[in-house]
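Welcome! Please take a moment to look over the sequence and the 3D view below, and then we will walk through them together.

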Amino acid sequence: MCWYEDMFTGLIEGIGRVIESGPKRIVVRLPFARLKKGESIAVDGVCLTATAPKGRTAAFDVGSVTRRITTLGTLRRDQPVNIERAMRMGDRFGGHLVSGHVEARGTLRRWRRQGKNWLVTIQIPAGLRRWVVAKGSLAVDGISLTVAGLRKNFVEIMIIPHTYQHTTLRWKKPGDAVNLETDLLAKYALR
């Protein structure tokens, strides 16, 4: 179980690969070794606890609510996933505050090339709209991104070449589901 002291930055460390995806757990090949049992890892933005780490692989239990709310219930063998370890006290903070508590799934609707960058349009559930702020952050599959535009239930986000090259976004197509976590600071400010 992940707690609020297990925070992430949304800066993806690497891409893992799904080895096994069952009804109650997933096993992932990680882009790093030496994971400890009980360590918190964000898998496509979902904070999970390593239950059986071994070398460069780890198993994670996945509850029924998590499977329903996130894309983890649809993972397939050999599918790439974004991986980030939780921040440690004293680490340099370079992204946004991301808790790993995914609120809902969105749907990628469109890619548009803008010079070297990409503008991606994502449809978000109506219930999340009030928490999404223009120029605020939105974590998409665990990637900390800045909202470039906002209209009705759609957000536009500019993807720079580094993010495109080093995350799973490059494999996403229109119609694909993505995990969404809204701006933690916006939620607190609105409350």
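## A question to start with

Which residues does P125 touch, not counting residues up to four places away in sequence? Keep this one in mind while we look at the whole chain; the reply comes in the last section. Please also note that this is a predicted model.

## The chain as a whole

The protein chain contains 3 helices and 12 strands. Computed along its principal axes, the C-alpha trace spans about 45 × 35 × 30 Å. For 191 residues, a compact globule would have a radius of gyration near 16 Å, and the protein chain agrees with that, having 16 Å.

Contacts that join distant parts of the sequence are well represented here: of the contacts with a separation of 6 or more, 70% are between residues 24 or more positions apart. Buried residues account for 49% of the 191 residues.

## Surface and charge

About 10,100 Å² of the protein chain is exposed, and carbon and sulfur atoms supply 52% of that area. The chain has 32 positive and 16 negative charges, and the mean positions of these two groups lie 6 Å apart.

## A cluster of rings

Now for the aromatic residues. A pair of aromatic rings is described by the distance of the centres and the angle of the planes. The structure holds 3 aromatic pairs. One of them joins W111 and W118, whose rings sit edge-to-face, at 5.6 Å centre to centre with 80° between the planes. Both of these tryptophans are buried.

W111 also pairs with Y164: the ring centres are 5.7 Å apart and the planes are at 90°, so this pair is edge-to-face too. Because W111 belongs to strand 7 (residues 104–114) and Y164 to helix 2 (residues 161–166), the pair ties together parts that are 53 residues apart in sequence. W111 has a relative accessibility of 18%, so W111 counts as buried; Y164 is buried as well, at 19%. Taken together, ring pairs link W111, W118 and Y164 into a cluster.

## Back to P125

Finally, let us return to the opening question. P125 touches A104, R105 and L180, leaving aside residues up to four places away in sequence. You can find P125 in the loop between strand 8 (117–123) and strand 9 (137–140).

Is P125 buried, exposed or partly exposed? With a relative accessible area of 28%, P125 is partly exposed. As for S99, which is 26 residues away along the chain, its C-alpha atom is separated from that of P125 by 19 Å.

Definitions and conventions
Residues are numbered from 1 along each chain as its sequence is written. This is a predicted model: local features need pLDDT of at least 70, side-chain atom pairs count only at pLDDT 80 or more; totals for chains, interfaces and linings use all residues. Side-chain values use heavy atoms; hydrogens and water are left out. Helices (H or I, at least four residues) and strands (E, at least two) are DSSP runs, numbered from the N terminus. The radius of gyration is taken over C-alpha atoms; the globule rule is 2.2 Å times the number of residues to the power 0.38. Buried means under 20% relative accessible area, exposed over 50%, partly exposed in between (1.4 Å probe, protein chains only). Contact means heavy atoms within 4.5 Å. Accessible areas come from the Shrake-Rupley method with a 1.4 Å probe; for residues, only the protein chains shown count as cover. Lys and Arg count as positive and Asp and Glu as negative; His and the chain ends are not counted. The place of a charge is taken as NZ of Lys, CZ of Arg, CG of Asp or CD of Glu. Rings of Phe, Tyr and Trp (its six-membered ring) pair if their centres lie within 6.5 Å; planes under 30 degrees apart count as stacked, over 60 as edge-to-face and the rest as tilted.
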